[in-house]
Amino acid sequence: MNCNDVRENLIELLTDGPADPQVKTHLSQCGACTAELASMRKTMAVLDEWEAPEPSPYFLTRLRAHVKEEREKAPAAKWVAWLRRPVLAVSLATMLATGGLLYRLTVGTQAPDNGAVADIESLDKNHDLIIDTDLVNELTGGPSDDVAEP
Amino acid sequence: MALKSGLFMPTATGRMQGVAEMAASHVPYDSLSDAEVMLRAGTDDDAAYEYLVTKYHRPMIAFMYRMCRSQALAEELAQEVFLRVYRSRKTYAAEAKFTTWLYRIATNLAVNHARDHKVERSGKVVSLDEPDEESGTTLDVADPTLNVEQNILRRERLQAIKKHVMALPEKQRTAVFMHKYQGMDYREIAEVLKLSESATKSLLFRAYEVLRERLKEFV
């Protein structure tokens, strides 16, 4: 047992006392270690001066109110938790994907209405108009684009 | 675990009724460990939760007060600690001592709060004479047995002591609070701070050596 062994255990010596008889013997013979121990004891006494205040009388009342709130919102929280379940998330994703696919299929069949079909209809109308104009020209003795038969 | 298979995890209906009856009637929580009481709180035994809050709210507020140096904030943070305990009551596994778990929640909360509000706090001037906004108490209650001058000296001395303790690195300071003021042993502090027992011992040794040097003038 040397001074280092004792000094490394000063804290335990202060709280529990010298349990080891060797430490006790060393302390009774070593003035430096005894002084170290006394100095640490004084430091601890200084630290004891820092007292914590008493809790406010409303602390427990406030906490109970918070706990009550927590308990009351628990059913809602369960719903949220249920909504967050992976199975539900997968179901929702599948529903969204199916919906998207159906929409795409439905719109897909109607899509030419807005594009090619409209153009074809427009061409048909123009063709009818040209024929009508040609007919009027022929009736009024105007020029005709009919090719003369040989 | 004997605990779970016995009292707290009943399998038969009759056993379940027995537990419910026990919860409803007066249970001598003093005869149970805190972990056992917490497991009971997990079965919606509100009296068990209340017992733990009543038992630990004072030391918890004191711990938080030293961590953040404001009584109002200490109480606010302590409320949050106990609310987190309540929210986790169903998942509490009793793998460690109840107090280890409790102080781990508290330490994380206090350290995170201090980090989040570091800039705010550094710019705040705290008056020693003005009462706290919420609690209405002054930071250090005057000793009625001392005269005005002695009280001022006492306050200044206390502020200086606090300043020296607060100047310790975060982990050393937290360890000192738990060891010196909460009466926790090396093993428990080590578990809260996620250190080895020998590292905790060495951390505390260094902290107390620094404090002994810095507090010499107050001895």
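Here are a few worked exercises on a predicted two-chain model.

Residues count from 1 along each chain as its sequence is written, and chains are lettered from A in the order written. Local features need pLDDT of at least 70, side-chain atom pairs count only at pLDDT 80 or more, totals for chains, interfaces and linings use all residues, and side-chain values use heavy atoms, with hydrogens and water left out.

**Exercise 1.** Work out how many residues chain B and chain A each bring to the contact, and how much area they bury.

Step 1: count residues in contact (heavy atoms within 4.5 Å). Chain B brings 39 residues and chain A brings 32 residues.

Step 2: take the buried area, meaning the accessible area (1.4 Å probe) that two parts lose on being put together, summed over both. That comes to about 3600 Å², with 64% of it on carbon and sulfur atoms.

Step 3: look for the big contributors in chain B. B:Gln79, B:Lys180 and B:Arg212 lose the most area to chain A, together 18% of what that side buries.

**Exercise 2.** Find the salt bridges between the chains, then say which helix of chain B supplies the largest share of its side.

Step 1: apply the salt-bridge rule, a side-chain nitrogen of Lys or Arg within 4 Å of a carboxyl oxygen of Asp or Glu. You get 9 salt bridges between chain B and chain A. One of them pairs A:Arg64 with B:Glu50, at 2.5 Å from N to O.

Step 2: go through the helices (DSSP runs of H or I, at least four residues, numbered from the N terminus). In chain B, helix 4 (46-68), helix 5 (71-87), helix 8 (148-166), helix 9 (170-181) and helix 11 (197-214) each supply at least two residues to the side touching chain A. Helix 4 of chain B has the largest share, with 10 residues.

**Exercise 3.** Compare B:Asp44 and B:Ala94: what is phi at each, and is each residue buried, partly exposed or exposed?

Step 1: recall the background. Most residues other than glycine have a negative phi.

Step 2: read the angles. B:Asp44 has a positive phi near 65 degrees, and B:Ala94 has a positive phi of about 55 degrees.

Step 3: place them. B:Asp44 sits in the loop between helix 3 (34-41) and helix 4 of chain B, while B:Ala94 sits in the loop between helix 5 and helix 6 (98-116) of chain B.

Step 4: check accessibility, where buried is under 20% relative accessible area, exposed over 50%, and partly exposed in between (1.4 Å probe, protein chains only). B:Asp44 has 41%, so it is partly exposed; B:Ala94 has 14%, so it counts as buried.
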